[in-house]
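Here are some worked exercises on domains, empty space and charge pairs. Have your viewer ready and try each task before reading its solution.

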Amino acid sequence: MELLHPQLSALAAVLEEGSFEAAAQRLSVTPSAISQRVKALEDRLGQVLVVRTLPCKPTQAGERLLRRLRPMQALEREAMADFLPSGAGAARSVPIAVNDDSLQTWFLPALAALHHAHGHLFDVRVDDQDHTLKMLRDGSVLGAVTAEAKPIQGCNVHPLGAMRYHAIAAPTFAARHLPGVLRAETLAKAPVIIFNRKDELQWRFMRTITRARLAPPVHYVPTSTGFVDAAALGLGWCLAPELLIKPAVDAGRIVIVDRKRSLDVPLYWQSVAVRSDTMEQVGKALRAATAKLLRQP
């Protein structure tokens, strides 16, 4: 049973599942019924809402509607929970966005605590902390861990603390490529490991030290935990969260290249500004987790 109009539910299912067939399976109707509902909604609004590709994507009009629809879905879940018997109906996941470093360190224990306490399910989307806000802006998620302190329209923001990053490398690599004080001449030649082409941390760290735009040899390795292994194997140097590196440092597999210099990345929780018990519980759990593990002002 759903309180939302079937046309809105069909649109949300298509954009969440990525196809009309998958949306039909989720809502237990035929693909033709899903197509008719979405087409009827587009006719009512006079706007194309879905780009019919694989996976299906929202148009700009679809994004605007999805931004309004997500909070309505959260409130619908809570309203139904108040009236249905315990355990009745299928639980719907809460879509949230997070950066990979947080996911690999402090984030999952917070989600586990929420699931055990309230039964929440989660649809976690991963992107760089400088880009997770795009998913909140386009309506794909209800909340995001982000590096952006300024709230976007219709959202609340809460500081979580700063994640500290250290430059690390294998002992032999550091001795050969980065001896002594870090300088532009050595950083320009030493291979560096970068998460992906969105990752600005290593470049930001080098600019902080040298005030120069360098072009060193680059490895792209899109895994946070793999960063430590890649550095330990001598592929290059990189920045890694201090929450991840302690076992490898203690074992002598890597060294912190410069203990006097680190990079702090402030993180914030931005979520839709609705009176939702679910989103309040999520925000409270994330703030509690980061109060213990991230560096606080």
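A cavity is a set of points, on a 1 Å grid over the protein atoms alone, where a 1.4 Å probe fits but cannot get out; lining residues have an atom within 4 Å of a point. Grid points are joined across faces, edges and corners, and a volume is the space filled by probe spheres set on the points.

Some ground rules before we start. This is a predicted model, in which local features need pLDDT of at least 70 and side-chain atom pairs count only at pLDDT 80 or more, while totals for chains, interfaces and linings use all residues. Residues are numbered from 1 along each chain as its sequence is written, and side-chain values use heavy atoms, with hydrogens and water left out.

**Exercise 1. Find the cavities of 30 Å³ or more and describe their linings.**

Solution.

Step 1: Count. There are two cavities of 30 Å³ or more.

Step 2: Take the second largest cavity, with about 30 Å³ of space. Its lining consists of Ala162, Met163, Arg164, Glu242, Leu243, Leu293, Leu294 and Arg295. Two elements, β6 (155-169) and α11 (242-250), give two or more residues each (helices are DSSP runs of H or I with at least four residues, strands are runs of E with at least two, numbered from the N terminus). β6 gives the most, with three residues.

Step 3: Sort that lining by class. Five residues are nonpolar, none polar and three charged (Ala, Val, Leu, Ile, Met, Phe, Trp, Tyr, Cys and Pro count as nonpolar, Asp, Glu, Lys and Arg as charged, and the others, Gly among them, as polar).

Step 4: Turn to the largest cavity, which holds about 140 Å³. It has 14 lining residues, and nearest its centre lie Asp101, Asp128, Gln129, Phe195 and Asp199. α5 (100-118), α9 (201-210) and α10 (224-232) supply at least two residues each. By class, five are nonpolar, four polar and five charged.

**Exercise 2. Describe how domain 1 and domain 2 meet.**

Solution.

Step 1: Set the bounds. Domain 1 covers 1-92 and domain 2 covers 94-296, with bounds from an automatic or database domain assignment.

Step 2: Look at the contact (heavy atoms within 4.5 Å). Domain 1 brings 11 residues and domain 2 brings 17. Their centres, taken over C-alpha atoms, are 33 Å apart.

Step 3: Get the buried area, the accessible area (1.4 Å probe) that two parts lose on being put together, summed over both. It is about 1100 Å², with 56% from carbon and sulfur atoms.

**Exercise 3. Where does the second largest pocket lie with respect to the two domains?**

Solution.

Step 1: Define it. A pocket is an open set of points with protein on both sides within 12 Å along at least five of seven lines. This one has about 410 Å³ of space.

Step 2: Read the lining. There are 16 lining residues, and closest to the centre are Arg67, Arg68, Gln153, Gly154 and Cys155. α4 (60-83) and α6 (132-137) each supply at least two, and α4 gives the most, with five.

Step 3: Conclude. Both domain 1 and domain 2 give residues to this lining, so the second largest pocket lies between them.

**Exercise 4. Which parts does the salt bridge of glutamate 16 and arginine 70 tie together?**

Solution.

Step 1: Apply the rule: a side-chain nitrogen of Lys or Arg within 4 Å of a carboxyl oxygen of Asp or Glu. The structure holds 15 salt bridges, with zero between domain 1 and domain 2.

Step 2: Check the pair. Glutamate 16 and arginine 70 meet at 2.4 Å, N to O.

Step 3: Place both ends. Glutamate 16 sits in helix α1 (residues 6-17) and arginine 70 in helix α4, so the pair ties together parts 54 residues apart in sequence.
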